[in-house]
Amino acid sequence: MEKRKIRDGFATFLIHSISLISLVILALIVYDIFSKGYIAFKEVGFTNFIFGRKYYPTMDPPSFGIFNFIVSSIFVTLGSILVGLPLGVGSAIFLSEYANLKTKEILKPFIEILSSIPSVIFGFIGIVFIGPFIRRFFNIPTGLNLFTASFILGIVIIPIISSLTEDALSTVPSTLKEASYALGGTKFDTITRVVIPYTKGALISALLLGIGRSIGETMIVLMVAGGAMNFPNSIFSPVRPLTSTIAAEMGETAVGTTHFYVLYGIALVLLFLTLILTLISNRFIKNLKRE
Amino acid sequence: MKKIKEKGFEILIYITTILTISSLLIFLVPIFKNGYRGILPDFLFTFPKNGMTEGGIFPAIVGTFYLTILSTIFSFPVGVITAVYLAEYGKPKFLVDLLKTSITTLSGIPSIIFGLFGLSFFVIKFSLEVSLLSGSLTLAILSLPIIIKSVEESLKSVPITFKEAAYSLGCSKFETIYKISIPVAFPNILTSLILSVGRIAGETAPIMFTAATLYSRKLPKSLSSEVMAIPYHIYGLVTEGVSPEKQVPIAYKSAFVLLLLVLILNLSAILIRQRLRRQRKW
């Protein structure tokens, strides 16, 4: 009996302490990125770093303004939302309001599969297939640009938006919908005036998570966004978002140089953006659960 | 008027669904069409030759295999234990809330940041160099929140009556967990394992600076060797090198192998889950 108690106590202690590993890891990541990124902010200066338009890491003297990368990230992300939001929400409405059980069982795995495809595969098809197609179709100098990157990222975030939206739609009490039908509401009325308002919070959080995924996606933009460091002045400009700047340059940067810390500074900007997005969307999901 | 609106909306919803499905096909069809030829057995089991212009991807397959297995060995036990804590203990509340928030936060961090962290922490600080070990540890961190979340869900789906029955027979909390909760949730936990393996196998950004090399004619000898990996190899084939006309077909084949691997893993997870749902009697 005594032995059993000791064993249980030990197991409980072990479970508690191992569980803290995630907490420690998060703290280490934030600390690491912050402490190195901070050096970039200090050496380059906050305004020069965030709002500088010139980025010449290897010139003498070098300049490290990442404004164009920030703008590129924002544009690519907005573009992806324009593609991913309607398709994600639309297919979720189809699955939860229009499809019968059988169609649903066939279609849902499709969307799940879409979410499991590695991003390097999207990037690869972007380079060899979609990019060349877009170049010919619009008759532009390069098919690897803002438009192509947004389009592919939009497809990548469909499953995130779709599955969260569908979860949310399924929480709408059927009595509410029935009440709407009883009052003579059509399916369209019911969806737009009952279902969507009821799930507004979840839809916003799906949107935020989609944005977070788009902003943080690396391989796809590295491969298909074109890589030019200029300010994007058309939807067909080749661009270079924050993530691909890090991925493209880290391999060739000497440890401990300003350039090295600048890449961590870019990561700090990214980390800051994604932390805010996750925390806000988490709030919305929590509120939904409480209701 | 009302009818037109009604019909229009319905058509719109159908169109978005059709576009969603076809967008999946845009990516799958070219790879299946161009990738399957000459896969067996040459491509899978030979080494790359002449830079990246000829030969197979054997070292990349072995590298991806090692990275996936090792990182799972690191992350899965920690993930399951954390999930047990969250699902079964759940006290003290402030700690659980803190832990849950940090897990959600971790899962939202871009994979390239994990790569940078792996570089400065494992590669530089602990002097593990660019190696199988650094890469696996980085991937383990990345997969941890995914594993925790799905295992937690699995454990929560175990009916509380099962546990109450165990308690009433005099089982302690720990005994209930390892004799009832984990065995009952086991198929679901297995599904989580499969899905996380599929996710890790396809990751590129986290291993770029921590483990991967583009070209190797040897298999990794130890934990401190650099390794080739299928996803990074695909990236290299289409972005580096001088003869795209030779490299793109190899990239198609490599993409086919990676896609097939990920699809098989995911389909088996989906099948296990569907079967489970049918068999479940509670």
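The following paragraphs describe the contact between two chains, a nonpolar core, one helix and one loop residue. The model is predicted: local features need pLDDT of at least 70, side-chain atom pairs count only at pLDDT 80 or more, and totals for chains, interfaces and linings use all residues. Residues are numbered from 1 along each chain as its sequence is written, while chains are lettered from A and ligands numbered from 1 in the order in which they are written.

Chain A and chain B each bring 68 residues to their contact, two residues being in contact if their C-beta atoms, placed from the backbone, lie within 7 Å. On the chain A side, helix α2 (residues 21-44) gives the most, with 10 residues; helices are DSSP runs of H or I with at least four residues, numbered from the N terminus. That side of chain A comprises 45 nonpolar, 17 polar and 6 charged residues. Here Ala, Val, Leu, Ile, Met, Phe, Trp, Tyr, Cys and Pro count as nonpolar, Asp, Glu, Lys and Arg as charged, and the others, Gly among them, as polar.

The largest nonpolar core (buried Ala, Val, Leu, Ile, Met, Phe, Trp, Tyr and Cys residues joined through C-beta atoms within 7 Å) holds 165 residues, of which Ala267(A) and Ile113(B) touch the most other members. A residue is buried if 20 or more other C-beta atoms lie within 10 Å of its own, exposed if 12 or fewer, and partly exposed in between. Beyond four places in sequence, the contacts of Ala267(A) include Ile246(A), Ile113(B) and Leu116(B). Ile246(A) is also one of the buried residues of α12(A), a helix (residues 242-249) with 6 of its 8 residues buried.

Arg217(B), by contrast, counts as exposed because it has 10 C-beta neighbours inside 10 Å. Arg217(B) lies in the loop between α9 (205-208) and α10 (230-239) of chain B.

Methods. Helix = DSSP H or I, 4+ residues; strand = E, 2+ residues; numbered from the N terminus.
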